[in-house]
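Me: I am a first-year student, and I should be grateful for a close look at a single part of the structure shown here. Please explain the salt bridge and then place it in its surroundings.

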Amino acid sequence: MRLVNLGFGNMISAARVVSVVSPDSAPIKRLIREAEDRGLLVNATYGRRTRSVVIMDSRHVILSAIIPEKLAARLDGEYEPDEYPEED
């Protein structure tokens, strides 16, 4: 099992990720609202602006303050471990 850093020390299993999307569209906002109602929303932004939404195979929806392109690169393993110091 390979873990991917979502920012601020939060990790997810790369094998369980279905998609990483931007939070700007109405269908994604609706998905976030419905996940919150079902108790399946995890907010990993630490109060920062939500820049990406990670959808897991367990139907959990995870909010992250990292842009989708950077998360996709981390999921593909295209980063150096020292590349991302503690996010601010």
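**The salt bridge and its surroundings**

Reply: Arg16 has a relative accessibility of 40% and therefore counts as partly exposed. The model under discussion is a predicted one. Asp57, the partner of Arg16 in a salt bridge, is likewise classed as partly exposed, because its relative accessibility is 43%. The closest N and O atoms of Arg16 and Asp57 are 2.7 Å apart, and the structure holds 1 salt bridge. Arg16 belongs to the loop between β2 (10-13) and β3 (17-21), whereas Asp57 belongs to the loop between β5 and β6 (61-64), so the pair ties together parts that lie 41 residues apart in sequence.

The surroundings include the largest nonpolar core, which has 12 residues, among them Ala14, Val17, Val54 and Met56. Two or more residues of this core come from each of β1 (3-7), β5 (52-56) and α2 (68-76). Another core, of 7 residues, lies apart from it and includes Ile32, Ala35, Val53 and Leu63.

Helix α1 (residues 26-38) has Ile28, Ile32 and Ala35 as buried residues. Seen down the helix axis, the buried residues of α1 fall within an arc of 65°, so they line one face of the helix. The cover over these buried residues includes β3, β4 (41-43), β5 and β6. The helix has 13 residues and reaches 18 Å from its first C-alpha to its last. Just after α1, Gly39 takes a positive phi of about 80°.

How values were computed. Residues are numbered from 1 along each chain as its sequence is written. This is a predicted model: local features need pLDDT of at least 70, side-chain atom pairs count only at pLDDT 80 or more; totals for chains, interfaces and linings use all residues. Side-chain values use heavy atoms; hydrogens and water are left out. A nonpolar core is a set of buried Ala, Val, Leu, Ile, Met, Phe, Trp, Tyr and Cys residues joined through side-chain atoms within 4.5 Å. Buried means under 20% relative accessible area, exposed over 50%, partly exposed in between (1.4 Å probe, protein chains only). Helices (H or I, at least four residues) and strands (E, at least two) are DSSP runs, numbered from the N terminus. A salt bridge is a side-chain nitrogen of Lys or Arg within 4 Å of a carboxyl oxygen of Asp or Glu. The expected span of a helix is 1.5 Å times one less than its number of residues. The arc is that of the directions from the helix axis to the C-beta atoms. Contact means heavy atoms within 4.5 Å.
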